[in-house]
Amino acid sequence: MLDRLKDRFILETQLTAHIVRRDRLSRMSVIPVVCAILAYCEDYRSAAIIAATVTISEAAAYLAGTGVGIDAPPPPLRRCAAIWTVAIVTTAIYMAAGALFGAGASTAAVICACIWMFGALVHVSNSFVAVPIYNWSMLLPSYIIVAVVISNLFARSFAPPDPMDAITVGGLLLVYFANSVQTTQTHKDSISAYEHMRELAARRLIELKDLSLRDTLTRLPNRRAFDDLASNILRGDGQRHGASGALFLINLDGFKPINDSYGHAAGDALLKEVARRLTAQGIGAGAGAVARLGNDEFAMAWPGPLNTSELHSISDMIQSHLHQPMRHNHRKLQITASIGIAPAHDGASVDQLLNEADQAMFHAKNNLESRIVIYDRHIIPKRSNLNDRARLLSAMQQGEICPFYQPQVDIATNRIIGLEALARWVQPKGNPRTPGSFLPAINEVNLQAEFQDHMLQAVLKDMTTLQNLNLLPDQVSINLSEVTLATAAGRDALLDVVGRHPNLHGHLMFEVTEDIFIARAGQTIKDSISMLRMAGVRISLDDFGTGFATFQHLQELEFDELKLDTGFVSRLGTDRATDVLVKSFLDMGRGLDVHIVAEGVETTAQLDILRDMGCQTVQGYLFSPALSLDDTTAFLQAGDATVAA
Ligand code: C2E
Ligand code: CA
Ligand code: CA
């Protein structure tokens, strides 16, 4: 109600400014006539007052109305108030001029006053018929002044009429006539201006309504619009029977780090691309409705009926579409998605289905290896029972999240020359969970710093244990997330821990990925790396060859080690181009005096090729997966690494 009144007020202001501007000349043209009549009546004072006040008020109206009109954008409320004040004062001055006339002693002056005021009233009511608020706010004070003039008439005696009086009155009547003709013509303009404004306002209203139902970034329907769309598609509005279909809640994994490191522009571009893919052929054709619910969360209502395997194949399709790399400013961005699914059922509102999908999603993100979970009220505990942040923190405190170690083997001697610490979540039941299943949650709840610190402390403790057993290999590698290096606080925490272990830091190797080259805080990261190197820690470039590193980058930062990505190793011997590339990487490594470790070696064939190409160090399931500290100790005690059976 208040909003509608405000819109109306603004609309009338725009129209008023238009009319006041349009009629300015005709109003001003009356002044010389009036002054001439008053001069004839020898009332020079009134003539001067009228000329001055009307000119001043017109100037004020000009200033207040500049830039406001029917095609200009709606003015702010303060501007509206100024326009109204000036317009009301201008009209009051016009009417007051009539009162001045009426105060004269001659009959002609009084008749002129009546014609003046009548004319002003007709003008106001004609011009502003389309502007009711304005119309009445002008007319009411005008009528009061008319009443004052009329009461003056009765209170005074007049001199007998003079023949010149008739000429004076006739002159003003002529002016009035001319003005009335003009007013009748401009009336048409007032009406069409009003229609124009109404049309604009109606269009604005439709735009506003559309905006209120769409997400501004992706232009997808928002949560409000989704409610209606989904309830039609799933017919799960709680009243009708025969609900079918399912609601998919899609949450991006790894969105926050992209947003944090590459900037909001990259984040926005990614979200738009996700929206495009979700509505593109394939998915878009099948889904009844796709919406963005907020941040990195999307929802989809898919008409049914759908069985479990169909739900999974739809989810697989969504995941594979979203997993394709996207490009932004020559950067490759890649994300995955977790999907919670709520099959529609009779009596369930969209709200309830969203809630169920949300619980399934929580499970998909945090509890299971699978990133696709279908809601089932029997197996999915209430989300409120699980406080993910608290759970992750306590898993760290209890040592459930801890480092496992994967050996790095010297090909020539079969000696274990290093270990890579890889995080595992060891739970009482089941296999240890790999980082893919909990690192996204750690990022999501902002525990990266705690995680990094926890891993570093745990690795240093294990290193002390191994050192005491005389089993500590030359190097122990720890993965660093770029977030740690991108802030001074993260870097200082690392330097602090390293500084407190002077007898171990010579064995430490920090692994960073190529992402650091394109992170927003590039300079801070480079500084961090230089400081760590100065503190005696070596730096390794992980997943080399998958991303953005150029030779210039490599020279700039002088890495101690490059880790050839698993992807290259797995194609060795099957793809000639890969063989050539790997060979040239190895040659380059030797040339730059950088140690190269080939990761993900699974077969003896791969090992043989690498050996022939001059690779010195390998790491992979062929020798061993990552092992617990106890198993690692046993492995190291056995001496040489033997190829796994
Ligand atoms: P990464 O640093 O590239 O680690 C190598 C991954 O390859 C490990 O996966 C390892 O188990 C796996 N792998 C080892 N040998 C083979 C093989 O022969 N074949 C194949 N297919 N894979 C092999 P994991 O442990 O699941 O770790 C995944 C990623 O999680 C790591 O990739 C690393 O980026 C991250 N990560 C692990 N621990 C930490 C940590 O403590 N801190 C941080 N910031 N990231 C970590
Ligand atoms: Ca690594
Ligand atoms: Ca790697």
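Phe585 sits at 9% relative accessible area in this predicted model, so this residue counts as buried. Its ring partner is Phe544: the two ring centres lie 4.9 Å apart with the planes at 65°, and the pair is therefore edge-to-face. In terms of sequence this is a link between distant parts of the chain, with Phe544 in strand β12, Phe585 in helix α22 (residues 576-592), and the two positions 41 residues apart. Phe544 is buried as well, at a relative accessible area of 5%. The contact doesn't stop at two rings, either: ring pairs join Phe544, Phe568 and Phe585 into a cluster.

Counted over the model, there are five aromatic pairs. One of them puts Trp425 against Phe438, again edge-to-face, with 5.8 Å from centre to centre and 85° between the planes. Trp425 belongs to strand β9 and Phe438 to the loop between β9 and α15 (439-444), so this pair ties together parts that are 13 residues apart in sequence. Both rings are tucked away from solvent by the numbers: Trp425 is buried at 4% relative accessibility, and Phe438 is buried with a relative accessible area of 1%.

Strands β9 and β12 turn up again at the metal sites. The calcium ion written as ligand 2 takes its protein donors from Glu420 (OE), Asn479 (OD1), Glu511 (OE) and Asp542 (OD), at 2.1 to 2.3 Å. Read along the chain, these donors are spaced E-x58-N-x31-E-x30-D. Glu420 comes from strand β9 and Asn479 from strand β10 (residues 475-479), so this pair of donors ties together parts 59 residues apart in sequence. How covered are these donors by the protein, buried or partly exposed? Glu420 is buried, with just 2% relative accessibility, whereas Asn479 is partly exposed at 27%.

The other calcium ion, ligand 3, is held by Asp542 (OD), Asp543 (OD) and two OE donors of Glu599, at 2.1 to 3.0 Å. The sequence spacing here reads D-D-x55-E. Which residue connects the two calcium sites? Asp542 does: this residue bridges ligand 3 and ligand 2, and the two ions lie 4.0 Å apart. The neighbouring donors of ligand 3 are covered to unlike degrees, since Asp542 is buried with a relative accessible area of 6% and Asp543 is partly exposed at 27%.

Next comes ligand 1, which shares some residues with the calcium sites. There are 21 residues around this ligand, and those that come nearest are Gln406, Arg424, Asp542, Glu602 and Tyr621. Two of the metal donors also make polar contacts here. The side chain of Asp542 places an N or O atom 2.9 Å from an oxygen atom of ligand 1, and the side chain of Asn479 does likewise at 3.0 Å. Tyr621 makes its contact through the backbone instead, with an N or O atom 2.8 Å from an oxygen atom of the ligand. On its own, ligand 1 exposes 800 Å², and the protein buries 80% of that. The elements that supply two or more residues to the surrounding shell are β9 (416-425), α16 (448-468) and β12 (538-544). Of the elements, β9 contributes the most, with four residues. By residue type the shell is mixed: nine nonpolar, six polar and six charged.

Taken together, the sites overlap. Asp542 is a donor to both calcium ions and is also among the residues that come nearest to ligand 1. Asn479 likewise has two roles in the geometry, as a donor to the ligand 2 calcium ion and as a side-chain contact of ligand 1. Strand β9 carries Glu420, carries Trp425, and gives four residues to the shell around ligand 1.

A last spot lies toward the start of the chain. Leu11 is part of helix α1 (residues 2-22) and is buried, with a relative accessible area of 9%. The C-alpha atom of Leu11 is 9.3 Å from that of Gly69, with 58 residues separating the two along the chain.

Key: Residues are numbered from 1 along each chain as its sequence is written. Chains are lettered from A and ligands numbered from 1 in the order in which they are written. This is a predicted model: local features need pLDDT of at least 70, side-chain atom pairs count only at pLDDT 80 or more; totals for chains, interfaces and linings use all residues. Side-chain values use heavy atoms; hydrogens and water are left out. A residue is near a molecule or strand if one of its heavy atoms lies within 4 Å of it. A polar contact is a pair of N or O atoms within 3.5 Å; within protein, one must be able to donate a hydrogen and the other to accept it, and residues adjacent in sequence count only if both atoms are side-chain atoms. Accessible areas come from the Shrake-Rupley method with a 1.4 Å probe; for residues, only the protein chains shown count as cover. Ala, Val, Leu, Ile, Met, Phe, Trp, Tyr, Cys and Pro count as nonpolar, Asp, Glu, Lys and Arg as charged, and the others, Gly among them, as polar. Donors are N, O and S atoms within 2.8 Å of the metal (3.2 Å for Na, K and Ca); water is not among the atoms, so sites may look incomplete. Buried means under 20% relative accessible area, exposed over 50%, partly exposed in between (1.4 Å probe, protein chains only). Rings of Phe, Tyr and Trp (its six-membered ring) pair if their centres lie within 6.5 Å; planes under 30 degrees apart count as stacked, over 60 as edge-to-face and the rest as tilted.
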